[in-house]
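Please open the model in your viewer and prepare to select residues by number. The tour proceeds from one charged pair to the next.

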Amino acid sequence: MMSLNGKYSLGIVITFVLLAFSIFYSIPLINLFFQSKSITSEIFFYNRLSLWLVLLLVLIYNFFIENRSFFIWEDRKYSTGFYLTSVISLYLICVIGGAFLNAIIMLITHEKISDKMLQLNSVFKNNYFLILFTCLTAGVIEELLMRAYIQPRIEKIYNSPILGIVVSSLLFGVLHSSYGTIGQVVVPFFIGIVFSVFYKKYSNIKILIICHFMIDFISLMMMNMMDIKYLSLLNL
């Protein structure tokens, strides 16, 4: 019989592998199915849909194999004022800190906007349904899997809150490397650290989902309205 920590370890590996496969390989597979060579709004929608399938598979693993609550840390309840203050504070920390980090990276490496980001610029143009669906998917799926699922399990396995925060944030950053730039790894890693520290201290995933949604939604709406070269924080 596998120990509980063994089941948690396997669950973490399965979750990361499924997420990586969905993010890195689902678009080429969908393109192959539709006999397409570019990213269209329809193909990107199916790509985001695949992330919901990943969540479903992890929930099935949790229910049948781990046989424990999905949430190792019970979600705490807070006042409406705390929700508002937390979301605004987290948003400002992530946006300002992310912009600062990205400015340093661009100064050192002279990094330019990736080709994938330029493609997405046209995919999202005036497609408000896709924008909403993309932001909802990122907020719900990434926070439930990276923060609520992976982070506390790493902490429990190794009895180390710091390791839970750092490793889950590092994996979060790696999953964003598909955009092809250093900034798109470093900034999500930074956001992952901020979110993970908050989740460890306050144990409320709903606040993180809302804030994650806000970061992506505002970035995508700005991308929809202005030149993409001015946007560097996009975190899908």
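Begin by selecting Asp-75, which is partly exposed in this predicted model, with a relative accessible area of 23%. Then add Lys-206 to the selection: the two residues form a salt bridge, and their closest N and O atoms are 2.8 Å apart. To place the pair in the fold, display the loop between α2 (41-66) and α3 (80-109), where Asp-75 is found, together with helix α8 (residues 205-225), which holds Lys-206; the contact therefore ties together parts that are 131 residues apart in sequence. Lys-206 is likewise partly exposed, at a relative accessible area of 40%.

Next, move to helix α5 (residues 128-158) and select Glu-143 and Arg-147, which lie 4 residues apart, about one turn of the helix. A salt bridge joins Arg-147 to Glu-143, with 2.8 Å between the closest N and O atoms. Are these two residues buried or exposed? Both Arg-147 and Glu-143 are buried.

Now select Glu-155 and Lys-200, another salt-bridged pair, whose closest N and O atoms are 2.8 Å apart. Glu-155 belongs to helix α5 and Lys-200 to helix α7 (residues 183-202), so this pair ties together parts that are 45 residues apart in sequence. A surface display shows how the partners are placed: Glu-155 counts as buried at 11% relative accessibility, because the threshold for burial is under 20%, whereas Lys-200, at 32%, counts as partly exposed.

To close the tour, display the salt bridges of the model together; the count comes to 4.

Methods:
Residues numbered from 1 in each chain as written. Predicted model: local features only at pLDDT ≥ 70, side-chain atom pairs only at ≥ 80, totals over all residues. Heavy atoms only, no water. Salt bridge = Lys/Arg side-chain N within 4 Å of Asp/Glu carboxyl O. Helix = DSSP H or I, 4+ residues; strand = E, 2+ residues; numbered from the N terminus. Buried < 20%, exposed > 50% of the residue type's maximum accessible area, 1.4 Å probe, protein only.
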